[in-house]
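I am opening these notes for a reader who has not met this structure before. I want to write down what I looked up, in the order in which I looked.

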Amino acid sequence: MSGPAWLAGGLAVLMMAIAVYCAGRLAVSRLQGKDTEAAADGLHVVMGVAMAGMFEPRLTPIPGAAWRGVFAVAAAWFTWQAIRAGRRPSARCAHPAAHAVECAAMVYMVLPVGSWSSGRGPGMTMPGMNQGTTAGNPALTLLLALFMLGYVLWAIDRLAVLSRTAAAATPRPAAARSPLATVTVAAATGILGPPAPAAIAYPRPPGRTALAPRLAACYKIAMAITMGYMLITML
């Protein structure tokens, strides 16, 4: 399976845009005192540049061996964070296990051609993708692609929850609310505190707000879809 050149070019631009956006999140977080998943955003800066280069080599002249080393180290670090954190998310990275798999998938996609004896075909045939990429093991490739699909569905569900929470937290005019609704909202606020989409994104110190959690979910969805597409083209 191969991808059209226009799609490869468009995805390369999208990946560079995500890399720039994630770098901007890190800068705005420091300047405005808002919290973001620094480890996740930093990873996606690097991942966006690397994936853009896989579609269009002129965008990132870094050799594949360097990328393999970077993502191997990142995979080990996120795996360690997942082991340490267990089910308790951290402010730097709420879901390290998913990012560890992403890093492992990146290492897999930039392996040299012929690394897997059971691979089929010459590798990805999109521009730039056949230079130093593996043909892949079909079973492992499919497993990683299915993981990306599952991650996309999970992230979309999280985005829906964030949107519903934000809508519930938006104050409405007094005339638009019935007495029963006013009592219900007041009781819920007194018991649970004011709902906010950032509250379910990841933990953070008291008094600090999360930086655009719904936009963060959107860029993660876009990146996972792109990675899943890249894996499918390896089959």
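The entries below go through a helix, the salt bridges, the cysteines, the aromatic rings and a surface patch.

**Entry: the model.** I note at the start that this is a predicted model, and I read everything that follows with that in mind.

**Entry: helix 2.** I began with helix 2, which runs over residues 38-55, and asked what span its 18 residues should have. At 1.5 Å a residue the expected value is 26 Å, and the end C-alpha atoms are 26 Å apart, so the two agree. I then looked at how far this helix is covered, and found that 13 of its 18 residues are buried.

**Entry: salt bridges.** How many salt bridges does a search of the whole structure find? The search gives three, and I took them one by one.

In one of them aspartate 41 is paired with arginine 25, and the closest N and O atoms are 3.2 Å apart. This pair links distant parts of the chain, since aspartate 41 belongs to helix 2 and arginine 25 to helix 1 (residues 5-32), with their positions 16 residues apart in the numbering. I also checked whether the partners are buried or exposed. Aspartate 41 has a relative accessible area of 2% and is therefore buried, and arginine 25, at 3%, counts as buried as well.

Another salt bridge joins the side chains of glutamate 37 and lysine 220, at 2.7 Å from N to O. Here too distant parts of the chain are linked: glutamate 37 sits in the loop between helix 1 and helix 2, lysine 220 sits in helix 7 (residues 213-232), and they are 183 residues apart. Both glutamate 37 and lysine 220 are buried.

The remaining entry on my list is the pair of glutamate 56 and arginine 58, whose side chains meet at 2.9 Å, N to O. Glutamate 56 is partly exposed, with a relative accessible area of 22%, while arginine 58 reaches 74% and so counts as exposed, the cut-off being over 50%.

**Entry: cysteines.** I looked for disulfides, and the count comes to zero. I noted the surroundings of two cysteines all the same: cysteine 22 is buried, at 0% relative accessibility, and cysteine 218 is partly exposed, at 37%.

**Entry: aromatic rings.** The count of aromatic pairs comes to five. In the pair of phenylalanine 147 and tyrosine 151 the ring centres are 6.4 Å apart and the planes lie at 20 degrees, so I recorded this pair as stacked. Phenylalanine 147 and tyrosine 151 are both in helix 5, four residues apart, which is about one turn of the helix. An α-helix has 3.6 residues a turn, so residues three or four places apart point the same way. Phenylalanine 147 is partly exposed, at 29% relative accessible area, whereas tyrosine 151, at 7%, is buried. Ring pairs also bring in Trp154, so that Phe147, Tyr151 and Trp154 form a cluster.

**Entry: a nonpolar patch.** Which residues form the nonpolar patch on the surface? I listed Leu142, Leu146, Leu149, Leu153, Ile156, Ile232 and Leu235, which together have about 610 Å² of accessible area. Helix 5 (residues 138-169) gives the largest share of this patch, with five residues. I looked at leucine 146 more carefully: this residue is in helix 5, and at 49% relative accessibility it counts as partly exposed.

Key
Residues numbered from 1 in each chain as written. Predicted model: local features only at pLDDT ≥ 70, side-chain atom pairs only at ≥ 80, totals over all residues. Heavy atoms only, no water. Helix = DSSP H or I, 4+ residues; strand = E, 2+ residues; numbered from the N terminus. Expected span 1.5 Å × (residues − 1). Buried < 20%, exposed > 50% of the residue type's maximum accessible area, 1.4 Å probe, protein only. Patch = residues over 30% accessible without salt bridge, like charges linked within 9 Å, V, L, I, M, F, W, Y side chains within 5 Å. Areas by Shrake-Rupley, 256 points an atom, 1.4 Å probe, with all protein chains shown as cover. Salt bridge = Lys/Arg side-chain N within 4 Å of Asp/Glu carboxyl O. Disulfide = S-S within 2.5 Å. Phe/Tyr/Trp six-rings, centres within 6.5 Å; stacked < 30°, edge-to-face > 60°.
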